[in-house]
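Biologist: Before we discuss this model, I would like each label to be set against the rule behind it. Shall we put it up and begin?

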Amino acid sequence: RTSIPIGHAKFCQTRPQECTINTNVKEFVHLTKSRWLDLLQVNASFNASIVPVTDKNLYGVAEFWTYPQGFGDCEDYALAKRRELIKRGWNPSVLLITVLISPKIGGHAVLMVRTDRGDLILDNLAGLIKVWNKTPYEYIKRQSQFNAGQWVKIIDPRPQALIASL
């Protein structure tokens with residue numbers, strides 16, 4: 001376990017029902033054609049429909065995690081994608097908000113989807129869905145599969161030179 005991002009901790013205070021123990025934990029989901037189409041549709045839809053705006057510009061604070069109302073930053077995209085996939089019947093334990101470092105912008109959040117074909121990344125900065133280790137990011141932490149209100153460290157075994165070259 002590790003620290004909870006401050007924005008997520010505040011999100012959990014206002015929406016405790018979304019930060020509870022997962023009672024039906026799945027290690028991963030089988031990625032069928034239908035599920036792949038879900039991921040493509042959800043990623044493309046939210047990437048196109050949300051205007052990127054920082055929390056500072058939108059709310060006047062450094063970090064504010066919430067569901068976007070047409071505007072938002074990286075974690076807002078990830079939260080919206082997660083909620084939509086849960087509405088479509090996906091198990092919440094395979095849909096994990098993930099914090100990382102982007103070589104271009106610094107701190108960033110994405111949605112990690114744990115599948116039998118690898119952990120896939122739904123990212124508002126990229127239209128393509130990629131396996132986590134094919135992205136240029138340094139992974140830091142993510143939500144626990146067992147409890148949406150807890151976070152775990154990610155050990156990224158890739159050499160920094162490899163990450164920088166992706």
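Biologist: Why is D123 called buried or exposed, whichever of the two applies?

Modeller: D123 has a relative accessible area of 3%, and buried means under 20% relative accessible area, exposed over 50% and partly exposed in between, with a 1.4 Å probe and protein chains only; D123 is therefore buried. As to the basis, this is a predicted model in which local features need pLDDT of at least 70 and side-chain atom pairs count only at pLDDT 80 or more, while totals for chains, interfaces and linings use all residues. Residues are numbered from 1 along each chain as its sequence is written, and side-chain values use heavy atoms, with hydrogens and water left out.

Biologist: Where does D123 lie, and what does D123 touch?

Modeller: D123 is in strand β5, where helices (H or I, at least four residues) and strands (E, at least two) are DSSP runs numbered from the N terminus. With contact taken as heavy atoms within 4.5 Å, and not counting residues up to four places away in sequence, D123 touches N43, N47, K81, H108, V110 and Y137.

Biologist: What makes K104 exposed?

Modeller: K104, in the loop between β3 and β4, has a relative accessible area of 78%, and the cut-off for exposed is over 50%, so K104 is exposed.

Biologist: How do you know that C12 and C19 form a disulfide?

Modeller: The distance from S to S is 2.1 Å, and a disulfide is a pair of cysteine sulfur atoms within 2.5 Å, so C12 and C19 are joined by one. By this rule the count comes to one disulfide.

Biologist: Why is the disulfide of C12 and C19 called left-handed, and are its two cysteines buried or exposed?

Modeller: The torsion about the S-S bond of C12 and C19 is about -85 degrees, so the disulfide is left-handed. C12 is buried, at 15% relative accessible area, and C19 counts as buried at 13%. C74 is in no disulfide, since the nearest cysteine sulfur, that of C12, is 16 Å away, against the limit of 2.5 Å; C74, at 14% relative accessibility, also counts as buried.

Biologist: What makes a set of residues a nonpolar core, and which members of the largest one touch the most others?

Modeller: A nonpolar core is a set of buried Ala, Val, Leu, Ile, Met, Phe, Trp, Tyr and Cys residues joined through side-chain atoms within 4.5 Å. The largest has 27 residues, of which L39, L85, W90 and L111 touch the most other members. At least two residues of this core come from each of α1, α2 (33-49), α4, β3 (95-102), β4 (106-115) and β5 (118-123), and the largest share, five residues, comes from α4. A second, separate core of eight residues includes L100, M112, I121 and Y137.

Biologist: How many cavities are there of 30 Å³ or more, and which residues line the largest?

Modeller: The count comes to one cavity of 30 Å³ or more, a cavity being a set of points, on a 1 Å grid over the protein atoms alone, where a 1.4 Å probe fits but cannot get out. The largest cavity has a volume of about 50 Å³, a volume being the space filled by probe spheres set on the points, which are joined across faces, edges and corners. Lining residues have an atom within 4 Å of a point, and here they are H8, F11, E18, C19, Y67, L79, R82, I97 and Q143. α1 (6-14) and α4 (74-87) each supply at least two residues of this lining.

Technical notes: On a 1 Å grid over the protein atoms alone, a cavity is a set of points where a 1.4 Å probe fits but cannot get out, and a pocket is an open set with protein on both sides within 12 Å along at least five of seven lines; lining residues have an atom within 4 Å of a point.
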